[in-house]
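I opened this model to look up how its helices pack and where a few loop residues sit. My entries follow in the order I made them.

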Amino acid sequence: MKFKSLLFFALCVPLALSAKKVQVPTDIFQAIAHNDRSGVRAWVKQNPDVVACDQHGRSILTVAVLAENHRMVSVILGASRHNKNFVNLLDHAGKTALDHAAEAGHEKMIFMLVKYGAKVTSVQNEAAVIEL
């Protein structure tokens, strides 16, 4: 796999201190954008303890949530299910994937994220989960 360029990502704030922050190839984000589920699944399995963040500190899971790509969210959650804290990573704005799903009213994604361990910590998230 060739990586044409690298972006440098910083300050993706994990709830787990054991997560490694790395320079992430843009290809993982391109794979998400192009709905390359097998490529994303393989990348997550090869890098199980890596927190991949974009320039806004958003994890690959959050990027998939913001793209409203239910299948990609499912692939990422399934491939990273051993890393229980992955689903609760905070971006630079202090939001989790669940926060973004709740703000957009994506009920299916909210259910998936909670099923995989997303913590309902904000008032907005509690209201969204209670309404469902």
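**Helix packing and loops**

I began with the pair α5 and α6, where α5 passes α6 in a left-handed crossing. The model is a predicted one, and I read every entry below with that in mind. I looked up the geometry of this pair next: α5 and α6 pack at about 155 degrees, with 9 Å between their axes. That angle makes α5 roughly antiparallel to α6, because over 145 degrees counts as such.

I then listed the residues that form this contact. From α5 they are A97, L98, A101 and A102, and from α6 they are M109, I110, L113 and V114. By class I noted 8 nonpolar, no polar and no charged residues for the contact of α5 with α6.

**The loop before α6**

I moved to H106, which is in the loop between α5 (97-104) and α6. Is H106 buried or exposed? Its relative accessibility is 14%, so H106 counts as buried. With neighbours within four places in sequence set aside, I found H106 in contact with E68 and A101. A101 is also one of the α5 residues that meet α6.

I followed the other partner. E68 sits in the loop between α3 (60-66) and α4. E68 has a relative accessible area of 48% and is therefore partly exposed. I checked the backbone there as well: E68 is not a glycine, yet its phi is positive, at about 60 degrees.

**Helix α4**

Which residues of α4 are buried? I noted M72, V73, V75, I76, L77, G78 and A79. These make 7 of the 10 residues of α4 (residues 70-79), so the helix is largely enclosed by the rest of the structure.

I looked up the helices packed against α4, beginning with α6 (residues 107-115). The axes of α4 and α6 come within 10 Å and cross at roughly 5 degrees. The two helices are therefore roughly parallel to each other. In this contact H70, V73, S74 and L77 of α4 meet K108, M109, M112 and L113 of α6. I counted the classes as 5 nonpolar, 2 polar and 1 charged for α4 with α6. M109 and L113 of α6 are listed here, and M109 and L113 are also listed in the contact with α5.

I then turned to α2 (residues 37-46). α2 and α4 pack at an angle of about 25 degrees, and their axes are 9 Å apart. That makes α2 roughly parallel to α4, because angles under 35 degrees count as such. The crossing of this pair is right-handed. On the α2 side I noted R37, V40, R41, V44 and K45, and on the α4 side R71, M72, V75, I76 and A79. The residues of this contact divide into 6 nonpolar, no polar and 4 charged. Of the α4 residues in the contact with α2, I had already entered M72, V75, I76 and A79 as buried.

**Either side of α2**

I checked N35 in the loop between α1 (26-33) and α2. N35 is not a glycine, but it has a positive phi of about 60 degrees. At 34% relative accessibility, N35 counts as partly exposed.

On the other side, N47 lies in the loop between α2 and β4 (50-51). N47 has 22% relative accessibility and so counts as partly exposed. How far apart in space are N47 and S80? I read 9.3 Å from C-alpha to C-alpha, with their places 33 residues apart in sequence.

**K115**

I looked at K115, which lies in helix α6. Its relative accessibility is 69%, so K115 counts as exposed. The C-alpha atoms of K115 and L77 are separated by 9.7 Å, and the two residues are 38 apart along the chain. L77 is one of the buried residues of α4.

**The whole chain**

I closed with the totals. The protein chain has 7 helices and 4 strands. From the N terminus I read the order of elements as β-β-β-α-α-β-α-α-α-α-α. The chain has 132 residues, of which 45% count as buried. Of the contacts between residues at least 6 apart in sequence, 60% join residues at least 24 apart. I noted an accessible surface of about 7400 Å² for the chain, with 53% of it belonging to carbon and sulfur atoms.

Key:
Residues are numbered from 1 along each chain as its sequence is written. This is a predicted model: local features need pLDDT of at least 70, side-chain atom pairs count only at pLDDT 80 or more; totals for chains, interfaces and linings use all residues. Side-chain values use heavy atoms; hydrogens and water are left out. Buried means under 20% relative accessible area, exposed over 50%, partly exposed in between (1.4 Å probe, protein chains only). Axes are lines fitted to C-alpha atoms, for helices over the stretch in contact, and angles run from 0 to 180 degrees between N-to-C directions. Angles under 35 degrees count as roughly parallel, over 145 as roughly antiparallel, 65 to 115 as roughly perpendicular and the rest as oblique. A crossing is left-handed if the near helix is turned anticlockwise from the far one by less than a right angle, and right-handed if clockwise. Contact means heavy atoms within 4.5 Å. Ala, Val, Leu, Ile, Met, Phe, Trp, Tyr, Cys and Pro count as nonpolar, Asp, Glu, Lys and Arg as charged, and the others, Gly among them, as polar. Accessible areas come from the Shrake-Rupley method with a 1.4 Å probe; for residues, only the protein chains shown count as cover.
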